[in-house]
Amino acid sequence: MPSLRRRNKDKANASRLLFVNRIPPEELADPVAVPKYMSNNIKTSKYTFINFIPKNLFEQFRRIANFYFLCVAIIQVSIESPVSPMTSILPLVFVITVTGVKQAYEDWLRHREDNKVNNAPARVLREGSIKTILTSQIQVGDIVEVQKDEQFPCDFLLLASSNSEGTCDVTTANLDGETNLKTFTSPPDTRHLDTPEDLATMRALIECQLPHANLYDFKGRMDMYKGNASPTKLSLATENLLLRGARLKNTPVVYGVSVYTGEDTKMALNTKMTSNKFSTVEKSMNYFLVFFLILLILEIVICTVLKYQIYGTEFTKEAWYFHPHEDNSTLTVTARDVVQDSFSFLVLFNYIIPISLYVTLELQKFFGAMFLEWDDDLRCTTTRERAKCNTSDLNEELGQVQYLFTDKTGTLTENIMHFRHCSVNGAKYIDVGGDIHALNDRNNKTSPLPSLPKTLETFLETLALCHTVQVTTRERDTGEVVASSDEMRLAEMQLEYQAASPDEKALVEACARYGVVFEGQSHDRLLLSVRGSRRTFTRLQILEFDSDRKCMSVAVRDESSRKIWLLTKGAESSVLERCSVSDQASRTLRDTTLKHINDYAMLGLRTLAVARRELTEKQYEDFAAQLSQARQTLDNREEAVRKVTDRMEADLNLLGATGVEDLLQDGVQETLESLRVAGIKVWVLTGDKVETAVNIAYSCGHFKVFMTILTLTGLQEEDAEAKLQECDAESQKSDGHYGLVVDGSSLQVLLDHHRDRFYDVCRRCTAVVCCRMSPRQKAETVRLVKTSGESPICAAIGDGANDVSMIQEAHVGLGVMGKEGRQAVRCADFAFARFKFLKKVLLVHGHWYYTRVSTLVQYSFYKNVAFITPQLYFAVMSAFSTQPVYDALALTMFNITFTSLPVFVFGLFDQNLPAELLMKRPHLYQRIANNSAMSWLMFFKWTLFALWHTLVMYFGLYFVYADDTPGLPDGQTPDLFLFGTTLISICVVVTNLKLVLEAHYFTHFFVLSVVLSLLFYAVQCLIYHGVWISGYGSLEPDVFWSYYRMFESPALMLASVLLGVVCLVPDLVDKVVLGAKDERVKFRREKIKQIKSRDVIPQHYVAYVNEAFTYAEEDEAV
């Protein structure tokens, strides 16, 4: 027997080894220690009481803006700073504190939840009996007991169940949102160990995969020792592993051995998965920051150089106050002086970078995301589920979408399946009122069947056996609401089917309506009732469906005839290739069935082909042995299993095909049309057959009758280039509207060999449909567009696990709360219940989010330019003396309290256009496309307004102060400190009123925020400039009483008001000019005429501005 030590060394970093009961089997050649693995302690928190301050500070100062202000604060402390270091330290402390408090609160909540989970009781097998311990004390290898309705405390391998079949029912809603029951099974050789006493004697070695995040992938094998040297080898798979967070249902008790604990559980690994997406606005904001950093460096260099250019001039020689202790005839410049002056200019000019921008933006996004979740229009009337935001970092990206990639089934359709047609042995059948009728293919007339033909009965038996559906029995008179007519028929039989796939459920329900009833299973025995006659089959193997094979198979033994059948169903592209066509009859049947499949596809039905094959005992035993060996492989298990299944699923006998209807969701056509008008190109990516997808594309309005449809299907490498060139030439005609259809196999050829030209063709098409797509191909298609030269913003929407890769690849991931589980919802950035909600999410919320955030960012840069540029003017006029024009209060509080609240409230509530108007006129979405509000043109426009405001404020005030114009009482002379106080007062008022001009929607909160900011500024100045502390003096002696002196001069007050008005005149003209171009102004003028007779008071003005237009006015405007 090979040494475990050697085996462990060979498998290092490749697999996990563990002992059941944490006791090595005595039969092992070498004595070994029990491996140590992660404890079962869950820790979702980031900080502890000890490391919070250093760790949080480290994380916050990794932001370049915070680190920049930290460096400035250190420089101020290190040099003879022209202003108090507190002017930089206090704003930095405020920003760091606000962010730190927010993160500390969030982490405290995580600590609280962690303690609930870790301190919950758990029952494990220790010393031969069940003992209760804390969940955090479970170790890998412990045997755990879980009772009905309890959650599993770790990822453990099911060993035994109170159910004699070794199965248990589980809900995984906490993991993937799926509410249907799933059945898990224990290995056959451990099912009898259903008591603690039996399990205590169990000795086994388990080898399995290292921990990973995929919920639906587990591979392993167990060597079970039963007193002899040769262990029994058992293969382990996903259906044996019960995951932490799932809940036990309908089973009194189960036992399992813990495999993954704590941070190694799949639930914890999935929790760690975070998105690294960044919005377009954030990228533009970073460019603007770099621009201002370069500008700051230039200002420092220029001012330092100019200072020393005039250093030795006659002016400075005569200015005795420059160097009172030096001989003015021998002025010298030292390196220390240059460094001191450079750092001093840095301290004075550094406020051009808005320190509060990041914290304001973070809070605005966090609270702004709640408005999407609170929107009642996005609440499903059936499930009562609201929209969900998994991240607030991408709110504004909803307003920039240029391409939308959407799944079909469950996203555009209801994913509620109804069996409609089938083709059996070349004959067509149709569902009529819940009964199956023959359909005459020539005249489309139907006729009831007196009895089931043998071929149809065999076909229905195959459908009733080839599945993984679970059966539960309904209780009578429960008052249960039945959702469909199919379920109503089953209610009479007191059976309820539960399936992971709606297709399987629809097929099994249809078989039951037609008299072939699947009644459930017991000990792998499948019970079938065929027209009242009970038949029994033994399920031998299940070959699960996968996206590569595109089919599933079940091996069963008919207990009456002892024959073994391999039953297969799946996509016709996969099943028909596996069918035998050795004679003319089989070829004719294949061609006829394929024609019927195409007919069903033209009706928009989902199609499946059905086949079977008889196996001899020898054939089955060989396949079973090969399959068992393949399933015990840890490395490349899928490939090994695939080779065996390909041999099993060969030479099949074709039985027929099915056509299942999946109805469109309501509002899909209207939503797609609105997105098209909004300038968003929509691509439908589906796994359906080409004809089905094209038919659905027409029915939902994705394809129009006037479109020229280009087709790239069934391509091979040799003919792909010619066909693509033909489509390329056709699509370049200027007078056409084009749609494109491409299938999965052709797409792979085009991506591999003609990627750029293929994208050029797609770019010219209004609508694209991609069929027979695998999940990987969906992601590759999104990447094709996302990484193109135009770099458009891409969104992807889907409802199933097969859409996750596409959703994560796109800039914006959208999940639909459908019937295929919630993995897509969990991985998406935003999620909602119906596809039609996408219209409001993008056209309204996306529009608002983008305009709010872009205005917030532009305004933040604007107000700091308007605030600090006068300091540059003053530096020039004071011979670059590094004297500040503002007092410490202004430098400290401008970004914290003087101007931060109104823009924050603006970012939450402003609506540049009413929701009704945005929904009615989708083309308005194009106004904000291509990041238009964050373009360099708009950036410089905001900057020019800021420069105009600084010129008017500074030089206007300068001329007002010339020759003692203010006329202060008692012969007082205006000084620098009065000048600076007046300047900052005008600046605070102008910058706040600038935001009022930018606002489109006046709320009480916004008006109150502006008033409070101005009042708070006045109160702070009254205190800071007027409080005298006995024995200490004023808070700032230089500016004592300056704010009060400002009001002593009527001329100065009048000049301040006039300068503020002159500052804002260009802004007002700009708003009037832009508004005059809008058709809606005509209607606003009519509104003005209606209120002319009334007094113009603030309430009337606010109501006038906020008033949304009626649809009649909108239509007239259009």
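## The nonpolar surface patch

Helix H33, which spans residues 1004–1026, is the largest contributor to a nonpolar surface patch, giving 5 residues to it. The structure described here is a predicted model, and the patch belongs to that model. The patch has an area of about 480 Å² and is made by Leu901, Val1007, Leu1008, Val1011, Leu1012 and Leu1015. Among these residues, Val1007 has its place in helix H33.

## The negative surface patch

A second kind of patch on the surface carries negative charge. Which residues form the negative surface patch? They are Glu717, Glu718, Asp719 and Asp752.

Helix H21, covering residues 717–731, gives the most to this negative patch, with 3 residues. Asp752 is located in helix H22, which runs over residues 744–753.

## The sheet of four strands

Turning to the strands, one open sheet consists of 4 strands in the order S1-S8-S9-S10, and the pairing is antiparallel. Its edge strands are S1 (15–19) and S10 (232–236), each of which pairs on one side only. From one strand to the next, the twist averages 20°.

The pairing at the S1 edge can be followed in detail. Strand S8 comprises residues 203–209, and S1 pairs with S8 in the antiparallel sense over 5 bridges. Within this pair, Ser15 stands opposite Gln209 of S8.

## The sheet of three strands

Another open sheet is formed by 3 strands, with antiparallel pairing and the order S7-S6-S12. Strand S7 (182–185) and strand S12 (247–249) are the edge strands of this sheet, and each of them pairs on one side only. The twist in this sheet averages 45° from one strand to the next.

How many bridges join strand S6 and S7? Strand S6, made of residues 167–171, pairs with S7 over 4 bridges, again in the antiparallel sense. In this pair, Thr167 of the model stands opposite Thr185, a residue in S7.

## Summary of the features

The report has covered two surface patches and two sheets. The nonpolar patch receives the most from helix H33, whereas the negative patch receives the most from helix H21. As for the sheets, the order S1-S8-S9-S10 describes an open sheet of 4 strands, and the order S7-S6-S12 describes an open sheet of 3 strands. The pairing is antiparallel in the sheet of 4 strands and likewise antiparallel in the sheet of 3 strands.

Notes. Residues are numbered from 1 along each chain as its sequence is written. This is a predicted model: local features need pLDDT of at least 70, side-chain atom pairs count only at pLDDT 80 or more; totals for chains, interfaces and linings use all residues. Side-chain values use heavy atoms; hydrogens and water are left out. Two strands pair if DSSP finds at least two bridges between them. Axes are lines fitted to C-alpha atoms, for helices over the stretch in contact, and angles run from 0 to 180 degrees between N-to-C directions. Patches are made of residues with over 30% relative accessible area and no salt bridge: like charges are joined within 9 Å, nonpolar side chains (Val, Leu, Ile, Met, Phe, Trp, Tyr) within 5 Å. Accessible areas come from the Shrake-Rupley method with a 1.4 Å probe; for residues, only the protein chains shown count as cover. A salt bridge is a side-chain nitrogen of Lys or Arg within 4 Å of a carboxyl oxygen of Asp or Glu. Lys and Arg count as positive and Asp and Glu as negative; His and the chain ends are not counted. The place of a charge is taken as NZ of Lys, CZ of Arg, CG of Asp or CD of Glu.
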